[in-house]
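Me: Please take a close look at the nonpolar interior of this protein and at the aromatic residues associated with it. I would appreciate one connected account.

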Amino acid sequence: MHKYEKIWLTFGTSALVIFLVILGISAVHQGHSPAASGIETINPEHVRDDARFKEPGLYEAESDEYDYELYFVASAFQYEPREVEIPKGSRVRIHVTTPDVIHGFEIAQTNVNMMVEPGLISKYTANFNKEGEFLIICNEYCGVGHTDMTSLIKVTGGEE
């Protein structure tokens, strides 16, 4: 083998080993892992047994990070609740789940857009600073009644 071939083979092998070591260290650094983290799961057959989704709606938050928590259940061509009123200027943590099939959860005229999958709780934090009515639509085809799957958020007045 020629001297230059040995140099390039050594360089290439060394670069590959260094790359793999860096990849391995970064994969486990500070507790990170290749598996999804921070995802909350729920048994889709027992969504209504969970206290948060038994009566979905708007509730005052216990955390200082946001003002309200909004719970929705998406199922068989409807969102529950059908209509929600939120005070203008509120920071809201939205939680959505489904007991049946994949649905979408998009609040028109905002950047809220989530995929709702059975067995998972989708979450999004949004600020509602503009008064008006905001339509919630399903943007994932879920069956024959998909086009009728809507709900409404009314942003009114301000916090008192």
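Reply: The account below begins with the cores and then turns to the aromatic pairs. The model is predicted.

The largest nonpolar core has 24 residues, and Ile94, Phe105, Ile107, Phe128 and Ile153 touch the most other members. Several strands each supply at least two residues of this core, among them strand 5 (83-87), strand 6 (90-97), strand 9 (120-128) and strand 11 (150-156). Strand 3 gives the most, with 4 residues. Leaving aside residues up to four places away in sequence, Ile153 is in contact with Leu70, Val84, Ile86, Ile107, Phe128, Gly132, Glu133, Phe134 and Ile136. A second core, separate from this one, comprises 6 residues, including Phe53, Tyr71, Val73 and Ile121.

The aromatic residues add a further set of links. The count of aromatic pairs comes to 6. One of them joins Tyr59 and Tyr71 in a tilted arrangement, at 6.3 Å centre to centre and with 55° between the planes. Tyr59 belongs to strand 2 (residues 58-60) and Tyr71 to strand 3, so the pair ties together parts that are 12 residues apart in sequence. Tyr71 is buried, because its relative accessible area is 9% and buried means under 20%. Tyr59, at 38% relative accessibility, counts as partly exposed. Ring pairs link these two tyrosines, Tyr59 and Tyr71, with Phe53 into a cluster.

Another pair, Phe72 and Tyr79, is edge-to-face, with 6.3 Å centre to centre and 85° between the planes. Both Phe72 and Tyr79 are buried.

Conventions: Residues numbered from 1 in each chain as written. Predicted model: local features only at pLDDT ≥ 70, side-chain atom pairs only at ≥ 80, totals over all residues. Heavy atoms only, no water. Core = buried A, V, L, I, M, F, W, Y, C linked by side-chain atoms within 4.5 Å. Buried < 20%, exposed > 50% of the residue type's maximum accessible area, 1.4 Å probe, protein only. Contact = heavy atoms within 4.5 Å. Phe/Tyr/Trp six-rings, centres within 6.5 Å; stacked < 30°, edge-to-face > 60°.
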